[in-house]
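Subject: Structure handover

Hello,

Here is the structure for your project folder. My notes on it follow below.

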Amino acid sequence: MIRSIKVLFISSSMCCLLQSYVSNADPIDTSVVEMISVPTAMKQLESSGYYDFRMIKVERKHNEIAVKARNKAGEHVELEMDLYSGAIINEQANNTEIQQ
């Protein structure tokens, strides 16, 4: 009888401890930076001299926007933009990486 009371007390203590931990956990951060929209990304690229956009693909898994376009020199390029900042991460022309 006493043993079952001890087990009951310990298990109820553990439940209370877990409940207090869950209720006092850090809140979810609601100040998360939003993704840039495709029109915003295109405006940024146009202002940098890119044009003739052929493919625009949002890749959330990699946090980037993939774009096929032409650069200022008229070359076909493939771009990777950061999905949150709009910064160009990578640029390739004719299978050759272009240094930023």
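The model is a predicted one. To begin at the surface, Val33, Met35 and Tyr84 make a nonpolar patch of about 250 Å². Of these residues, valine 33 sits in the loop that runs between α1 (2–23) and α2 (38–47). Its relative accessible area is 55%, and valine 33 therefore counts as exposed, the cut-off being over 50%.

Asparagine 71 is also a loop residue, placed between β2 (64–70) and β3. Is asparagine 71 buried or exposed? With a relative accessible area of 8%, asparagine 71 is classed as buried, because the limit for that class is under 20%. Its side chain has two backbone nitrogens to list: that of alanine 73, reached at 3.1 Å, and that of glutamate 75, reached at 3.0 Å. There is also a contact across the sequence to note: tyrosine 50 is 21 residues away from asparagine 71 along the chain, while the C-alpha atoms of the two are 4.6 Å apart.

After that loop comes the strand pair. Strands β3 (residues 76–82) and β4 (residues 88–93) run antiparallel and are joined by five bridges. Within this pairing, leucine 79 of the structure is set opposite glutamate 91 in β4. The hairpin formed by β3 and β4 has five residues between its strands, and glycine 86 in this hairpin adopts a positive phi near 85°.

That is what I have for now.

Regards

Conventions:
Residues are numbered from 1 along each chain as its sequence is written. This is a predicted model: local features need pLDDT of at least 70, side-chain atom pairs count only at pLDDT 80 or more; totals for chains, interfaces and linings use all residues. Side-chain values use heavy atoms; hydrogens and water are left out. Two strands pair if DSSP finds at least two bridges between them. Helices (H or I, at least four residues) and strands (E, at least two) are DSSP runs, numbered from the N terminus. Buried means under 20% relative accessible area, exposed over 50%, partly exposed in between (1.4 Å probe, protein chains only). A polar contact is a pair of N or O atoms within 3.5 Å; within protein, one must be able to donate a hydrogen and the other to accept it, and residues adjacent in sequence count only if both atoms are side-chain atoms. Patches are made of residues with over 30% relative accessible area and no salt bridge: like charges are joined within 9 Å, nonpolar side chains (Val, Leu, Ile, Met, Phe, Trp, Tyr) within 5 Å. Accessible areas come from the Shrake-Rupley method with a 1.4 Å probe; for residues, only the protein chains shown count as cover. A salt bridge is a side-chain nitrogen of Lys or Arg within 4 Å of a carboxyl oxygen of Asp or Glu.
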